[in-house]
Amino acid sequence: MKAQLFAAAVAASLATMPALATDRIAYGSTAIESVHYTYAVSAAKAINDVAGDKMNVTVIATGGAVDNLARLHRGQIQMGLGTFETVYQAYRGIDKFEGKAQPKLRSLWVHSLAIQPYIVRADSGVKQLADLTGKKFTAGQRGSATENMVQQILAAMDVKPDYYVATLSDAVEAVRNNRSIGYVKAGSGLGLDGTTLELKTLIPINVLSFSPAQVKTVQDRFPFVTFVTTKPGDIEGLGAVTMPIQSIGEFAYSDTLNDAQVETVLNGIFKGQAIQGAAFPEIKNMDIAESTMKGTLVPLHRGAVAFYKKRGVTVPDHLIPPEAK
């Protein structure tokens with residue numbers, strides 16, 4: 001609740017800032033209820049505070065990565081937030097993006113390596129992933145990267161829920177009222193997100209675990225999907241759980257931001273890490289550069305390559321875009 005109040009207050013202050021900035025950047029985020037919207041607001045504040053009158057970043061609430069990819073393509077935003085698994089598929093034009101590749105996609109930074117828990121009501125009778133077949137279940141917020149990836153993962157395992165397509169708030173309310181038995185929502189680090197923690201105070205929930213055979217099935221089909229196994233107690237009240245882990249961060253096109261703008265953005269992110277950490281604790285002590293080098297397979301923006309190299313970061317060859325070679 002405190003984080004949401006922070007986001008609302010900062011968003012209001014951003015909206016009323018005087019028009020002094022030379023560059024106005026629209027930053028596509030996700031649903032207002034998401035902890036990653038809270039992060040986006042804090043990131044915009046950090047950039048604006050450090051940039052002064054050079055840049056004014058405005059956060060746009062959206063449906064998540066898939067929506068942001070579409071908005072970026074239409075020129076409605078200059079950068080967006082999302083899971084890099086989905087951004088990579090769009091970059092390569094594979095799976096649901098077949099024939100619709102976006103080769104100009106470029107990574108900027110990673111702000112979260114987050115679990116992707118499959119939440120179900122404890123009284124639903126669902127004990128394993130296969131039990132989801134035929135059950136009302138939300139794969140993720142409507143139009144989000146999570147929804148897209150979860151549907152592909154379950155299809156690869158021949159699990160066929162009766163999908164309850166909804167916004168995040170509607171999906172949670174449906175589970176609370178027993179109109180749906182569960183949903184998937186990216187957490188924060190190895191912890192559950194605030195929305196799920198709030199639900200957990202109202203009804204008993206479980207988190208479904210992937211078996212080793214299921215992990216192999218998924219990774220044979222989607223080699224870019226990674227998994228983590230939590231220890232008992234990592235998630236309060238639950239034992240060890242194996243689930244996907246998402247790399248979540250920011251991206252742009254090679255031409256929606258120029259090199260100088262990217263340097264201004266990243267300068268704000270690195271110098272304003274304390275601002276972001278106050279709203280999104282996971283990033284407080286994160287090595288953002290290291291997480292970025294490990295967390296994305298999509299090439300960096302040329303301006304980002306220059307920024308990271310100036311900081312002494314070794315940029316892997318596969319993250320250097322053609323225009324920087």
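Is Lys-294 buried or exposed? With a relative accessible area of 66%, Lys-294 is exposed, because a residue counts as exposed over 50%. The model discussed here is predicted. This briefing considers two topics: the buried side of helix α6, and salt bridges within helices. A search of the whole structure finds 13 salt bridges, and three of them are described below, including one formed by Lys-294.

**Helix α6 and its surroundings**

- Helix α6 spans residues 168-176, and its buried residues are Leu-168, Ala-171, Val-172, Ala-174 and Val-175.
- These residues lie on the same side of α6, because they cover an arc of only 160° around the axis.
- An α-helix has 3.6 residues a turn, so residues three or four places apart point the same way.
- Two strands that the buried residues of α6 pack against are β5 (118-121) and β6 (136-138).
- The buried residues of α6 also pack against β8 (182-184) and against another helix, α7 (194-200).
- After α6 comes Asn-178, which has a positive phi, near 65°.

**A salt bridge in helix α2**

- In helix α2 (residues 35-51), Asp-49 and Lys-45 are four residues apart, which means that about one helical turn separates them.
- The side chains of Asp-49 and Lys-45 form a salt bridge, with a distance of 3.1 Å from N to O.
- Asp-49 is partly exposed, at 45% relative accessibility.
- Lys-45 is likewise partly exposed, at 28% relative accessibility.

**A salt bridge in helix α3**

- Helix α3 covers residues 65-74, and within it Asp-67 and Arg-71 are four residues apart, so they are separated by about one helical turn.
- A salt bridge joins the side chains of Asp-67 and Arg-71, at 3.1 Å from N to O.
- Asp-67 has a relative accessible area of 21% and is partly exposed.
- Arg-71 is also partly exposed, with a relative accessible area of 21%.
- These two residues do not count as buried, because that term requires a relative accessible area under 20%.

**A salt bridge in helix α11**

- Glu-290 and Lys-294 belong to helix α11 (residues 288-295); they are four residues apart, and therefore about one helical turn separates them.
- The side chains of Glu-290 and Lys-294 meet in a salt bridge of 2.8 Å, taken from N to O.
- Glu-290 is partly exposed, with a relative accessible area of 39%, whereas Lys-294 is exposed, at 66%.

Conventions: Residues are numbered from 1 along each chain as its sequence is written. This is a predicted model: local features need pLDDT of at least 70, side-chain atom pairs count only at pLDDT 80 or more; totals for chains, interfaces and linings use all residues. Side-chain values use heavy atoms; hydrogens and water are left out. Buried means under 20% relative accessible area, exposed over 50%, partly exposed in between (1.4 Å probe, protein chains only). The arc is that of the directions from the helix axis to the C-beta atoms. Contact means heavy atoms within 4.5 Å. A salt bridge is a side-chain nitrogen of Lys or Arg within 4 Å of a carboxyl oxygen of Asp or Glu.
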